[in-house]
Amino acid sequence: MMLSSVLGFPRIGANREVKKAVEAYWTGKISAADLQKAAADVRKTSWNSLKERNVDLIPSGDFTLYDHVLDHSAAFNVIPKRYVGLGLSDLDVFFALGRGRQADGVDVPACEMKKCHCYLVGSTLTTTMLSQSSPRRPISSCCITKHFRSITKPKDWESATRPVVLGPISYLVLGKAAKEASANFQPISLLPKILPVYKQLLSELKAAGVDSVQVDEPILVLDKALDFDKHYATAYAELVPVAPRIILTTYFARLDSNVNFVAKLPVAGLHIDLTRAPGQLDDVLAAIKSTQIVLSLGVVSGRNIWKSDFVAAIKQGQKAIDILGQDRVIIATSSSLLHTPVTLANEKQLTAQQKDWFSFALEKAAEVATIAASLSGSQDPQVAAALEVNRISISKRREFEHTSDDAIRKRVAAITPDMYSRKHPFATRKEVQAEKLQLPKFPTTTIGSFPQTKEIRNARARHGKGEITDAEYDEFIKKEIELVVRFQEKVGLDLLVHGEPERNDMVQYFGERLNGFVFTQNGWVQSYGSRYVRPPIVVSDVSRPKPMTVKWSSYAQSITKKPMKGMLSGPVTILNWSFPREDVPRKLQSQQLALSLRDEVLDLEAAGIAAIQVDEPAIREGLPLRSSDWDEYLEWAVDTFKLATAGVRDDTQTHSHFCYSDFGDIFPSIQRLDADVISIEFSKSDMKLLQTFKQYGYSNQIGPGVYDIHSPRVPGEQEIKDRLKTTLSIISDDLVFVNPDCGLKTRGWKETEASLANLVAAARWARERA
């Protein structure tokens with residue numbers, strides 16, 4: 001019987017139990033023991049659910065309370081010195097690493113966040129901090145192994161699971177050198193120091209009776225992996241003899257030529273992603289045919305929510321069986337299922353037609369088991385019935401996909417080159433914008449959202465349930481907007497925002513107001529930490545039936561004399577942070593979004609909004625993993641941003657915002673966006689990002705985020721002044737805006753007020769000093 005495998009599972013709980021428990025722990029409402037019990041209950045429920053769906057290889061060790069790479073660092077004791085000796089429990093050190101801590105005499109910032117789609121797309125972060133002496137102190141094998149033993153075969157669960165471990169090469173290569181490391185230090189040089197810890201872990205797992213272990217090496221699908229072929233050979237030559245059978249796991253892209261050295265590694269198995277890179281199957285089969293390597297086929301998508309096409313998946317599986325034999329093939333998800341909601345069973349408002357299109361994590365687990373059973377020659381009537389139901393579903397969806405909105409398609413076809421360009425260059429625009437906006441030197445602003453309080457969430461929920469009328473809800477939103485506007489005036493901000501109290505999420509809000517999207521009730525996925533989102537689903541051609549934001553931006557501008565900034569999410573971000581269609585190119589979907597946003601931008605301008613921000617935090621994380629695929633993506637991604645923004649007059653100031661991105665390798669594309677002002681993360685990136693702007697001679701205005709909003713700690717005034725000093729040593733003072741590094745939605749009012757007061761004071765200091 002062919003084995004079925006799930007590479008990872010959502011760690012949030014079907015009803016967001018983990019989020020609720022984590023946030024309750026942070027506020028002191030439950031104990032650490034209560035938190036760990038809630039986590040254990042979610043893990044056990046997940047394992048039981050996978051077993052009930054006949055999955056053979058059930059993952060363990062993929063669960064985390066915050067971030068799985070952070071978990072790995074904590075387990076291996078890769079902890080920066082500033083978090084040591086603070087009198088905190090191990091759990092509180094773990095959370096301090098991820099979100100900082102400012103309480104009980106302890107004041108430490110969070111580690112740098114990096115959205116790395118080799119681990120978690122979208123919404124994901126790594127907090128690896130390495131130095132030349134890491135791990136700083138020995139970590140006992142029993143400490144690591146006790147953790148893995150408890151989740152591999154817990155006392156109250158009768159079946160074994162397959163542990164998931166982040167591989168040593170990927171961990172080091174994707175890590176970040178500590179500030180104190182020398183300029184030429186490379187984290188991969190720590191391989192000899194970290195391999196003994198891996199050997200301890202893997203040998204203890206083998207002694208505990210673990211049969212196989214999933215070792216994730218996501219960098220194997222990157223161009224740079226070839227630079228580390230000798231490191232791979234060295235590492236796995238040491239690990240394989242002491243470990244359970246190692247299944248080397250890749251995802252999200254193709255191995256390409258890297259398969260040539262991977263096939264020579266002494267591992268027991270190799271996993272490849274056939275949903276993102278189906279064309280790699282032939283090359284991989286040819287490379288491993290003469291070896292004993294078992295091939296795990298990722299035929300069920302771990303990244304999207306569309307029902308799998310069983311016919312196509314079975315065809316891929318049969319090709320592998322014909323060459324390798326059934327005993328050397330495993331049917332699996334393409335990646336961990338953590339990027340998908342837990343189950344469709346909780347969706348009550350989708351139509352029967354819509355529900356038939358989709359498959360969430362538990363449904364995907366059942367798909368994997370069904371495909372494996374079919375390829376094993378199962379005569380089970382339930383398997384045959386599942387195959388027939390799938391055939392009918394796929395046929396109906398294909399029929400729906402052939403329909404399109406002729407008017408939208410014609411509008412896309414009518415796009416002309418001049419629609420991508422502003423009327424005059426930035427130097428000209430800067431002068432007329434300065435005359436119109438009358439902003440001071442070092443103008444202060446925020447990224448858009450203000451705290452989403454319990455009262456706001458309750459009012460939104462009551463409105464959604466029909467418990468309050470539209471008029472009552474509108475009156476509530478007006479009061480919230482006025483509160484935000486008056487606070488900004490009082491604290492002394494220069495370019496104001498309306499605070500976005502009416503918005504549930506920066507992508508969902510727009511999807512709900514555009515044609516072509518559908519939404520879930522409980523389709524939550526983890527963005528980072530305890531931040532969960534419900535991504536919209538693009539199902540058909542996209543258009544804007546009416547203005548989406550003009551009403552509230554106009555109202556905000558009507559109650560203040562200071563300039564108001566309109567706030568929109570960009571076409572690439574809406575697409576990348578939604579579940580996109582698979583039947584048409586992403587470029588077409590982004591163009592349709594851009595045309596809808598172009599209409600909104602022009603309506604905002606006509607309503608008297610003099611500055612309009614179109615955020616694109618996801619433009620970098622959507623970059624393909626293979627550099628040979630970059631040019632095509634960057635061309636349409638930048639073009640659709642420009643299509644959305646370029647129609648305005650010279651005196652309308654366009655802004656955009658980018659979070660936690662490495663721009664060095666795509667900086668010419670950032671320049672080509674031609675936004676008048678861009679705001680970026682700077683508070684935790686050690687100046688490197690600003691140096692990139694200087695290196696390329698960036699000439700438009702820029703707002704380096706002077707404090708980290710993902711942490712609850714309040715930055716001191718001097719801390720912000722120091723960051724401004726650093727900024728002004730690199731960027732011309734006539735180009736600098738002063739702002740936080742992201743929106744304030746997740747923060748409380750008390751910390752927001754204190755932080756922004758310090759930001760304004762620092763900006764005034766800079767003006768006096770200039």
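# A guided tour of the predicted model

Begin by selecting Ala 75, which lies in helix H3 (residues 68-75); helices here are DSSP runs of H or I with at least four residues, strands are runs of E with at least two, and both are numbered from the N terminus. This is a predicted model, in which local features need pLDDT of at least 70 and side-chain atom pairs count only at pLDDT 80 or more, while totals for chains, interfaces and linings use all residues. Residues are numbered from 1 along each chain as its sequence is written, and side-chain values use heavy atoms, with hydrogens and water left out.

Ala 75 is partly exposed, at a relative accessible area of 24%; buried means under 20% relative accessible area, exposed over 50%, and partly exposed in between, for a 1.4 Å probe and protein chains only. If you add Ile 408 to the selection, the two C-alpha atoms are separated by 52 Å, and the residues are 333 apart along the chain.

Go next to Asn 54, in the loop between helix H2 (32-52) and strand E2 (59-60). Asn 54 is not a glycine, yet its phi is positive, at about 65°, and with 56% relative accessibility the residue counts as exposed. A second residue to select for its backbone is Glu 500, in the loop between helix H18 (470-491) and helix H19 (508-511), where phi is again positive in a residue other than glycine, near 60°. Glu 500, however, counts as buried, at 11% relative accessibility.

Now select helix H8 (residues 229-239), and colour Tyr 232, Ala 235, Tyr 236 and Leu 239, which are buried. Looking down the axis of H8, you will find these buried residues within an arc of 90°, so they line one face of the helix; the arc is that of the directions from the helix axis to the C-beta atoms. To see what they pack against, show helix H6 (168-173), helix H7 (191-207), strand E8 (212-216), strand E9 (245-249) and helix H9 (259-262), with contact meaning heavy atoms within 4.5 Å.

Two helix pairs come next. Select helix H10 (residues 281-288) with helix H11 (residues 310-324), whose axes come within 10 Å and cross at roughly 20°; axes are lines fitted to C-alpha atoms, for helices over the stretch in contact, and angles run from 0 to 180 degrees between N-to-C directions. That angle makes H10 roughly parallel to H11, since angles under 35 degrees count as roughly parallel, over 145 as roughly antiparallel, 65 to 115 as roughly perpendicular and the rest as oblique. In this pair, Leu 281, Asp 282, Leu 285 and Ile 288 of H10 meet Gln 316, Lys 319, Ala 320, Ile 323 and Leu 324 of H11.

Then select helix H13 (residues 361-375) and helix H14 (residues 381-401), whose axes come within 10 Å and cross at roughly 115°, which makes H13 roughly perpendicular to H14. Thr 370, Ala 373 and Ser 374 of H13 make the contact with Val 383, Ala 386 and Leu 387 of H14.

Finish at Ala 618, in the loop between strand E18 (611-615) and helix H23 (630-645). Ala 618 is buried, with a relative accessible area of 0%, and touches Thr 573, Asn 576, Trp 577 and Tyr 633, leaving aside residues up to four places away in sequence. Add Pro 571 as well: Ala 618 and Pro 571 are 47 residues apart in sequence and 9.7 Å apart in space, C-alpha to C-alpha.
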